[in-house]
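Let's take a walk through this model, one neighbourhood at a time. Keep the viewer open as you read.

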Amino acid sequence: MEISGADQHMTEIIRPDVHIEVQVKSESTVKRSDIRTHVLSLLDRHSSVLASYKWTEFDDEFLTRNVESVTITDAVGPKQFIDLRVHNLCIHIFSLNDDSPNTLTLEEEEELSAANHWLLPAGEFHGIWESLVYEEDIKTHLLDYVTTTIFFSDKNVDSNLIAWNRVVLLHGPPGTGKTSLCKGLAQKLSIRLSSRYAYSQFVEINSHSLFSKWFSESGKLVTKMFQKIQELIDDKDALVFVLIDEVESLTAARNAAQAGTEPSDAIRVVNSVLTQLDQIKRHPNVVILTTSNVTEKIDLAFVDRADIKQYIGPPSANAIFSIYLSCLEELMKCQIIYPRQQLLRLEELDTMNFMESDVTRLSLMLRKISQKSVGFSGRTLRKIPFLAHALFGKTSTMTVESFLKAMDLAVENQKQEQANLVNCV
């Protein structure tokens, strides 16, 4: 049987994508095309690399002068080797914006801060995405969602036939990194889609400010705030992310108003917000990100608008191990922990059946501390190394073993403090 040209094309092997992020130095003025040429040459010389590998030093003078780093990103497996020659290389070249955020104010009420506004990629958000550790493929799913949203819009898919609302809802207990994940997602996508959009913008709305100060003007001021956001969206060269943190305050206010415990003006404010969200979601260059700590307070009027409702829970023992390991590596880099000693990852410990030896002893100590830390929020976990040094560090510079012992004491101390707070309540 003969295979037609079309069928032959269908049977071709699809080359999987590998994303390469190239951070350009802020003072560099060279053409992006020249940077791309030199990066391709670098990748050709180092075609077999570890996934998630990062170059910060180069054997190329041009790259040394103009580039901060070249990073293999979002590849599966922290120690997996990949052959770049069999992948489709997606090279994303960017430089960070180090400006402080602007404050969006309303003309009639200049003292009211409607929202904070950043140009992306922002120096303030740099590294957030990489610092967040989840066992599931949460980050990959979120990236894929927004990428598909943009792709469907570019292909002019009829949203009346195939529905998507450009709304993401991250929910779960406080301190699990929901707001940081939204900021990291916007930052990552501003880099990933830099060839599609000239620049990206991030607008953070504070729901508490909305309801504590705006009752007197109600929906009028809400409309004016979204008009300012609309001005950003009108620039089709810009990708706009709108974050509504603790979105439960919207529906909580409406539920309370219906129960008679809040003024009826609250209903008008909430309805105005939902109406404005429905209007701006029609634009192809906007993504609405929301977070909630109290899921049961969100009514169906908002939940129905969310395409993705992703639960973000406390880190597991394995995720905690990865978080602590990244903290220890940072402290070794800064020589607060000295001398540097190799700590094994969980995948490497697993190949050794978690048996204790001179090679695995310190890593197994860290694993026990991680298991003891289950139940801590991500915010608390990132504080443990600092508290270990501050409360239990006997010297300014510590060995890995002495620091691990201090971390163990810091975890016990944190548990006792949390128990005391519960008893006081």
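## A serine with polar company

A polar contact, as used here, is a pair of N or O atoms within 3.5 Å; inside a protein, one of the two must be able to donate a hydrogen and the other to accept it. Bear in mind too that what you're looking at is a predicted model.

With that in hand, go to Ser-153, which sits in helix α5 (residues 138–154). Its side chain and that of Arg-166 are joined by a polar contact of 2.7 Å. A polar atom of the Ser-153 side chain also lies 3.0 Å from the backbone oxygen of Thr-149.

Is Ser-153 buried or exposed? Buried means under 20% relative accessible area, and Ser-153 comes in at 12%, so it counts as buried. Setting aside residues up to four places away in sequence, Ser-153 touches Trp-164, Arg-166 and Pro-284.

## The four-stranded sheet and its helix

Next up is an open sheet of four strands, in the order β3-β4-β1-β6, with mixed pairing. The edges are β3 (54–55) and β6 (88–94), each of which pairs on one side only. Helix α2 (residues 32–45) packs on this sheet and touches β1, β3, β4 and β6, with its direction at about 135° to that of β6.

Inside the sheet, β1 (residues 17–24) pairs with β4 (residues 67–73) in the antiparallel sense, over six bridges. If you want a spot to click on, Val-24 stands opposite Val-67 in β4.

## More strand pairings

Strand β8 (residues 113–120) is joined to β7 (residues 102–105) by four bridges, and the two run antiparallel. Thr-105 has Ser-113 in β8 as its bridge partner. β8 also pairs with β10 (residues 199–206), again in the antiparallel sense, this time over six bridges. There, Ala-115 is matched with Ile-205 of β10.

How do β9 and β13 pair, in the parallel or the antiparallel sense? Strand β9 (residues 167–171) and β13 pair in the parallel sense, over four bridges. Val-168 has Ile-308 in β13 as its bridge partner. Along β13 (residues 308–311) the side chains alternate: Ile-308 and Gln-310 point to one face and are buried, while Lys-309 and Tyr-311 point to the other and are not.

## A buried methionine

Met-332 is found in helix α12 (residues 317–333). With a relative accessible area of 5%, Met-332 is buried. Leaving out neighbours within four places in sequence, Met-332 is in contact with Ile-337, Arg-340, Gln-341, Leu-343 and Val-400.

Thr-399 is 67 residues away from Met-332 along the chain, yet their C-alpha atoms are separated by 9.3 Å.

## Two helices side by side

Val-400 turns up again in a helix pair. The axes of α14 (residues 361–372) and α16 (residues 400–424) come within 10 Å and cross at roughly 10°. Angles under 35 degrees count as roughly parallel, so that is what α14 is to α16. The α14 side of the contact is made by Arg-361, Leu-362, Met-365, Leu-366, Ile-369 and Lys-372, and the α16 side includes Val-400, Leu-404, Met-407, Asp-408 and Val-411. By class, the contact of α14 with α16 has eight nonpolar, no polar and seven charged residues.

How values were computed. Residues are numbered from 1 along each chain as its sequence is written. This is a predicted model: local features need pLDDT of at least 70, side-chain atom pairs count only at pLDDT 80 or more; totals for chains, interfaces and linings use all residues. Side-chain values use heavy atoms; hydrogens and water are left out. Buried means under 20% relative accessible area, exposed over 50%, partly exposed in between (1.4 Å probe, protein chains only). Two strands pair if DSSP finds at least two bridges between them. Axes are lines fitted to C-alpha atoms, for helices over the stretch in contact, and angles run from 0 to 180 degrees between N-to-C directions. Angles under 35 degrees count as roughly parallel, over 145 as roughly antiparallel, 65 to 115 as roughly perpendicular and the rest as oblique. Contact means heavy atoms within 4.5 Å. Ala, Val, Leu, Ile, Met, Phe, Trp, Tyr, Cys and Pro count as nonpolar, Asp, Glu, Lys and Arg as charged, and the others, Gly among them, as polar.
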